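Student: Could you take me through one part of this model up close? I'd like to follow a single sheet and then see how its chain sits against the others.

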Amino acid sequence: MIDFLNALTLLANYIIVPGLAYGSQLALGALGVTMVYAVLRFSNFAHGELMSFGAMCTILCTWALQSFGISLTILPTALLAIPAAALITVLYCIIINYFVYEHYREKKIDTNTYFIVSIGVLFFTAGLIRLVIGPKDQNFSDGVRFILKARDFKAMTGLNEGLAIKTTQGMTVVVTLILVAFVFWFLNRTRTGKSMRAYSDNEDLALLSGINPKKVILITWIITGILATVAGALYGLDKIYKPFTFMYLVLPVFASAILGGVGNPVGAVVGGYIIAFSELIFTFAYKKFLFYILPESFSPDGLVQLLSTDYKIAVSFLILVIVLLIKPTGIFSGKTI
Amino acid sequence: MNLKFRKISLFLLMTAMLLIVGFLQSWNVALLILNMCIISAIMALGVNLQWGFAGLFNAGIMGFIIVGGLATVIISMPPVQETWSIGGMGIIWGLILTIFTIVLSTLIWRKTKNLSRFRYLPTAIIILIGYLGVRFIAGPAIDAIEGFEAAKTGYLGGFGLPILISWGVGGLLAASIAWVIGKITLDLKSDYLAIATLGISAIILYIAKNEDWLARGVKNVNSIPRPVPYEINLQNELWFQELSTSLNMPLREFSSIFVKLCYCGLFLTVLIAFLWLSQKALFSPWGRMMRAIRDNETSARAMGKNVSKRHLQVFVLGSAMIGVAGAMMTTLDGQFTPNSYTPLRFTFVIYVMVIVGGSGNNLGAILGGFLIWFFWVESEPIGLWLIDNTTSILGEESLIRAHLMESVAHMRYMTMGLILLLVLRFAPKGLIPEEKL
Amino acid sequence: MPFLIGENMIGGYGGQNILNGCTISVDKGEIAVVVGPNGAGKSTAMKAMFGMLNLSKGTVSINGENMEKLKPQQRVLKGMGFVPQNNNVFTSMTVEENLEMGAFIRHDHIQENIQQVYELFSVLKEKRFQPAGELSGGQRQQVAVGRALMTKPEVLMLDEPTAGVSPMVMDELFDKIIEIAETGVAILMVEQNARQALSIANKGFVMVQGENKYTDSGQKLLANEEVRKAFLGG
């Protein structure tokens with residue numbers, strides 16, 4: 001019985017807790033991608049860099065707050081910095097939309113050209129980030145590191161295995177829940193949110209109904225900017241902020257969006273968690289876990305790991321390929337919000 | 001007529017810029033840039049096939065370039081006898097089992113059509129068993145290989161064949177990977193091709209970084225054999241010494257220039273061959289059909305054209321060219337360094353080349369390759385010079401000046417982004433626009 | 001002067017004229033039907049009256065007020081409602097949300113209007129929380145008409161409302177349209193099913209090549225030998 005509890009704790013510590021946190025970050029990222037896709041109808045390859053941009057703004061605002069001696073004592077100061085950072089990121093999105101995307105939307109350009117355009121934006125944003133904050137890693141988490149320390153957990157329960165919950169992990173999940181709930185409330189309950197869905201569903205009819213496309217697009221970028229900032233900041237807080245990683249983060253983010261059904265917000269969130277948990281389940285070394293649940297004579301020699309952690313990225317790719325082969329429209333058959 | 005004049009003057013301008021570098025900096029630098037320009041031009045030609053001819057967006061160019069690099073290591077490095085004897089058999093059996101698994105699972109997939117949705121299960125089981133089997137057989141072998149003198153070798157080495165062969169092999173490898181990706185994604189919306197290629201390029205990068213038994217991973221493979229003579233050997237040759245004195249050039253500098261010229265000759269041969277092929281393709285019925293499909297896929301389909309097949313062909317061909325260019329680049333570098341590959345540099349810059357040069361026009365792609373690579377290299381000295389002069393008012397001690405000087409290397413990303421956006425907006429056809437048929 | 005009138009309209013797409021001086025009008029409480037062979041410019045005429053097509057000549061006016069410079073959305077505010085032929089509902093949104101979007105331009109008394117639409121189309125009330133995309137073809141048309149009614153239009157324009165629905169559904173839809181007209185709304189309709197449409201029409205326009213060929217009451221057109229031979233299949 002104790003062994004079983006130990007095994008469970010092991011899973012909770014290495015898969016469930018980090019999976020929830022990472023899944024939340026992916027969900028927020030995928031939600032942003034899906035919003036842009038649903039309203040502007042293109043896959044925004046620059047979304048990873050947008051997340052990076054949001055994280056960078058959060059770091060800069062955190063430093064500014066810290067230099068004034070403001071901190072949240074227990075929680076990371078970054079939490080206070082996120083709103084200001086989101087504001088900057090939203091402004092950036094709006095500027096980019098005004099100078100770049102708007103032109104192509106008015107000309108009703110094809111999807112392929114949109115790719116190239118979003119790559120131009122990606123390049124520019126990546127350069128801007130490196131210019132402002134440099135290519136180096138930044139650690140900007142402060143406050144109490146753990147909600148629950150592994151040692152305390154062991155002392156509390158008397159188990160061999162510890163369960164640690166980082167403050168950033170707890171914060172990630174809570175913030176994501178609030179933000180996702182807000183976005184869904186906005187889309188389904190408010191007039192403006194409904195008009196966004198209408199525009200995404202049937203552009204011509206929306207125009208006929210007097211829905212202003214410029215306003216819809218503006219609000220889309222506002223939401224996308226906020227989502228990207230929060231996703232990027234939480235990802236940076238939870239791990240470490242590395243400007244180079246965001247280019248590849250696009251992959252699991254897109255995989256999440258496609259798995260759920262591109263353009264479907266529920267799908268994006270569900271997809272995010274599925275991708276996150278699959279990555280962890282596929283790359284977890286089950287040696288210790290099996291040691292607890294199997295009789296002693298059966299315990300394995302190797303790590304019992306399906307895939308080396310270096311190939312995390314392959315998991316999202318694999319899922320992507322499977323989705324493309326079996327059901328390209330994704331679980332929730334997306335297209336519109 | 002106008003277009004012809006434009007082409008000639010643009011290429012003359014490009015030549016002039018290279019000459020200026022030769023006179024101002026050094027001929028070595030100029031040739032170094034020229035060689036990479038040629039390689040970039042080949043990559044751009046490949047991407048132009050995919051993007052310019054057919055409108056396919058391949059976001060995984062980097063992956064195909066790495067595959068080319070891997071090919072040079074596998075083909076040209078001398079085999080490491082010890083690791084072969086420890087783990088060679090394990091690897092070979094692993095490979096055989098991998099191929100067997102792939103063949104068996106495709107067979108099962110094809111034969112179980114009547115099972116509809118349930119056919120995923122047997123296929124998945126076969127793949128899983130195969131995968132675990134490969135891990136079981138090859139795993140210990142890999143550990144043994146990687147453990148053997150890890151600092152010096154720790155990998156199997158290659159076949160010790162002439163490196164020029166690897167250029168072809170690189171192309172073939174890239175083509176086969178492209179075929180698989182194309183089969184899966186080309187029938188779907190273009191977004192999926194983009195994201196799948198981005199994914200496969202990331203996986204290839206991680207393989208190159210982590211599979212030490214294959215090409216030493218991040219420990220790099222150095223001193224890859226050359227297709228051209230070594231400077232030191234040339235310097236000892238009598239005829240070379242005589243040539244050097246007759247040309248009135250210092251021996252060391254001349255040997256280095258001579259080697260670069262040799263590379264240049266090889267690369268130019270490939271470039272001209274590929275250009276000839278691409279031109280042939282563009283003006284053949286095949287190329288016309290390809291463009292017709294790009295411009296109006298629905299009507300092309302309605303006319304009974306096999307769009308998927310055409311797309312697959314052009315995607316594979318383009319990727320093969322990129323693979324060859326990747327092998328050429330590693331050959332020129334003389335080393336394979338997985339850490340140096342990034343999507344920005346090796347995927348998206350190539351798009352800037354094609355778009356700026358003129359997508360759909362082979363000469364345009366080549367010009368774009370030359371021009372963008374030139375600025376990619378020279379933007380740093382030019383940028384430094386600009387910042388140095390414009391910020392000198394701020395004084396030597398200025399923090400802003402120091403920060404700008406420090407980050408000038410990153411300026412090129414922003415510049416590339418700006419160039420791409422500006423060209424797309426104000427000259428979407430590029431410098432040498434596509435020619436009407 | 002009629003309530004809504006498009007007079008001597010000339011215009012088309014890309015320099016080629018489709019409308020060659022036709023005149024279409026409708027009064028409040030009246031049903032006017034435009035019929036004619038394929039390519040006669042029936043739908044184009046209606047789109048021109050709604051402002052989705054710029055006229056090179058001719059005027060469109062409601063209640064004597066010139067509409068020339070107004071965009072479709074602004075014409076909605078002047079009391080026009082339009083039901084397009086295709087893609088006329090938001091498929092991923094519920095019936096009720098469709099109606100809400102219909103009233104997007106207005107900010108007042110939406111609930112009241114929704115109830116009125118539900119009274120007219122009782123089946124929609126049952127399906128109010130279902131996505132419109134899951135409804136049958138006839139029910140979708142009801143949603144589409146209901147959506148256009150949400151702005152309380154004084155004139156309702158329908159572009160082939162019965163295209164692709166079964167004869168039974170068509171009769172039901174026509175009944176509803178008569179009901180709407182009886183509340184004092186002007187109804188202008190383009191129809192392929194000319195015979196049935198003319199039978200409920202107060203006024204009929206037979207259009208050929210962008211011009212009026214015959215204009216009369218619906219009954220008289222149905223009785224007209226030439227019209228029957230040429231356009232109603234005998």
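Tutor: Let's start with β4(C), residues 55-62, and β5(C): these two strands run antiparallel to each other and are joined over 2 bridges. Keep in mind that this is a predicted model. If you want a spot to click on, go to Ile62(C), which has Glu65(C) of β5(C) standing opposite. Step back a bit and you'll see that this pair belongs to an open sheet of 4 strands in chain C, ordered β2-β1-β4-β5 with antiparallel pairing. The edges are taken by β2(C), residues 16-26, and β5(C), residues 65-66, and each of these has a pairing partner on one side only. Now look for the helix that packs on this sheet: α1(C), residues 42-50, touches β1(C) (4-13), β2(C) and β4(C). Relative to the direction of β2(C), the direction of α1(C) makes about 70°.

On to the neighbours. Chain C puts 17 residues in contact with 13 residues of chain A. On the chain C side, the elements giving two or more residues are α2(C), at 72-77, and α3(C), at 95-102. The largest share comes from α3(C), with 4 residues. Sorted by class, that side of chain C holds 9 nonpolar, 6 polar and 2 charged residues. What about chain B? Chains B and C don't touch, and their nearest C-alpha atoms are 20 Å apart. Of the 2 pairs of chains that do touch, A and B have the most contacts.

Terms used: Residues are numbered from 1 along each chain as its sequence is written. Chains are lettered from A and ligands numbered from 1 in the order in which they are written. This is a predicted model: local features need pLDDT of at least 70, side-chain atom pairs count only at pLDDT 80 or more; totals for chains, interfaces and linings use all residues. Two strands pair if DSSP finds at least two bridges between them. Two residues are in contact if their C-beta atoms, placed from the backbone, lie within 7 Å. Axes are lines fitted to C-alpha atoms, for helices over the stretch in contact, and angles run from 0 to 180 degrees between N-to-C directions. Ala, Val, Leu, Ile, Met, Phe, Trp, Tyr, Cys and Pro count as nonpolar, Asp, Glu, Lys and Arg as charged, and the others, Gly among them, as polar.
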